[in-house]
Amino acid sequence: MSAISVILVVLVAFLAGLEGILDQWQFHQPIIACSLIGLVTGHLTAGIILGATVQMVALGWANIGAAVAPDAALASVASAILMVQGGKFDLQTITGTIMPAAILLATAGLVLTTLVRFISVGLIHVADGFAEKGSYSGVSMIHLFALLLQGLRIAIPAAIILAVPAATVQNALASIPDWLSQGLAVGGGMVVVVGYAMVINIMATAELWPFFFLGFVLAPLSSITLIGMGILGVVFALIYLALSEKGGSAGAASGSGDPIGDILNDY
C-alpha cells in the first residue's frame, strides 16, 4: 500500500470516528467507511461488498439506555484494512473470514468507546469551569478536543493495523483451516440474519408488513434494474402517503397511527 493510500485510510478512519458522534455524513456506517477505504486503496468493488455485508449486521446495533452497542466504525475500518492487507477479495473470504473478524473487533471497540466517554465526562466539568468564567472560546476548545478524541479512537487502531506487514496478514489468513473458515462463514450468515431480525422487531407494524412481504416477492426478480427498484420505491411511498391521509381522516378524530389498520377498522 502506498504512502498516500495509508494517509487517506487513516483520514477515513478519523472521519469515521468523528461521525460516530456527529451523525452528519454517516462516515461511520460500514457501507460508507468500507467503500471509501476500498476507493482510496483501489479496491472499490470489494469495499462495497464488505461494507454491505457488515452493514446488514450493524443494522441491529443501537445504544439503548446505558447499554453501548458494538463499535460499527472500528468494525468497518479494521475489516476493510484487513481485507486490503490480506489481498483476497473474493466473496467467500469476505463473508467467511473478514466479516467475523469485524464483529470481534467491534466488540473489542467497546473498551475504547467506554474509555473515551469516561474521559469526556471529565472534560465536561472542565467546560463547565470555562462557562462559569464566561469563556465561550474555552468551552468550544474543550468540545473540539473531546471530538478529536473520538476521531483518534478509530484512527490510532487503524494506523496500528496498517503497521502490520501485509505478508503477516496474508499468512495469518492462509493458516486458517477450512473447517474454521467454513464455520465462521455459517456463523457470519447467522449474525446477519439476527441483525436484520432485530431491525424488523423494532419497526414491525401492521402498516409495514405488506411492504415487507412484497419485498420478498420482488427480490427474486433479477430483471428489475436499480432504476426500476427506485421507481417502485417512489410508488410505494406515494401509496403509503395516500393511505395515511385516508386513514387519518376516516372515522375517528385521531387515528391510531396505523393508516392501514384505521382503514380496515372502518369495514
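**Helix packing and nonpolar cores in an all-helical chain**

Buried residues account for 33% of the 267 residues in the chain. The model is predicted. Its secondary structure amounts to eleven helices and zero strands, giving the pattern α-α-α-α-α-α-α-α-α-α-α along the sequence. Of the contacts between residues at least 6 apart in sequence, 68% join residues at least 24 apart.

Helix 2 comprises twelve residues, 30–41. At 1.5 Å a residue this helix should span 16 Å, and its end C-alpha atoms are 16 Å apart, so the expected and computed spans agree. Its buried residues are Pro30, Ala33, Cys34, Ser35, Ile37, Gly38 and Thr41. An α-helix has 3.6 residues a turn, so residues three or four places apart point the same way. The cover over the buried residues of helix 2 includes helix 1 (3–22), helix 3 and helix 4. Helix 2 is followed by Gly42, which has a positive phi near 85°.

The packing of helix 2 against helix 4 was examined further. The axes of the two helices come within 9 Å and cross at roughly 35°, and the crossing is right-handed. Helix 2 contributes Pro30, Ala33, Cys34, Ile37 and Thr41 to the contact, while helix 4 contributes Ser76, Val77, Ser79, Ala80 and Val84. By residue class, this contact of helix 2 with helix 4 consists of seven nonpolar residues, three polar and no charged.

The largest nonpolar core contains 28 residues, of which Ile37, Leu50, Val77, Ile81, Met83 and Ile154 touch the most other members. Two or more residues each are given to this core by helix 1, helix 2, helix 3, helix 4, helix 5 (91–132) and helix 6 (136–163). Helix 4 supplies the largest share of the core, nine residues. In soluble globular proteins, nonpolar side chains tend to be buried together. Ile37 and Val77, both among the core members with the most contacts to other members, also take part in the contact of helix 2 with helix 4. For Met83, the contacts outside its neighbours within four places in sequence are with Ala46, Gly47, Leu50, Lys88, Phe89, Ile94 and Ile98. A second, separate core has six residues, including Leu123, Ala127, Ile142 and Leu149.

Several positions outside helix 2 were also considered. Gln26 lies in the loop between helix 1 and helix 2. This residue is not a glycine, yet its phi is positive, about 60°. Gln26 has a relative accessible area of 27% and is therefore partly exposed. Gly20, in helix 1, is also classed as partly exposed because its relative accessibility is 31%. Gly20 and Ala72 are 52 residues apart in sequence, but their C-alpha atoms are 8.2 Å apart in space.

Trp61 is located in the loop between helix 3 (44–58) and helix 4 (72–86). Excluding residues up to four places away in sequence, Trp61 touches Ala69, Pro70, Asp71, Ala72, Ala75 and Ala106. One of these contact partners, Asp71, is ten residues from Trp61 in sequence, with a C-alpha to C-alpha distance of 8.5 Å. Another, Ala72, is the residue paired above with Gly20 at 8.2 Å.

Key. Residues numbered from 1 in each chain as written. Predicted model: local features only at pLDDT ≥ 70, side-chain atom pairs only at ≥ 80, totals over all residues. Heavy atoms only, no water. Helix = DSSP H or I, 4+ residues; strand = E, 2+ residues; numbered from the N terminus. Contact = heavy atoms within 4.5 Å. Expected span 1.5 Å × (residues − 1). Buried < 20%, exposed > 50% of the residue type's maximum accessible area, 1.4 Å probe, protein only. Core = buried A, V, L, I, M, F, W, Y, C linked by side-chain atoms within 4.5 Å. Axes fitted to C-alpha atoms, helices over the stretch in contact; angles between N-to-C directions. Left-handed = near helix turned anticlockwise from the far one by under 90°. Nonpolar A, V, L, I, M, F, W, Y, C, P; charged D, E, K, R; others polar.
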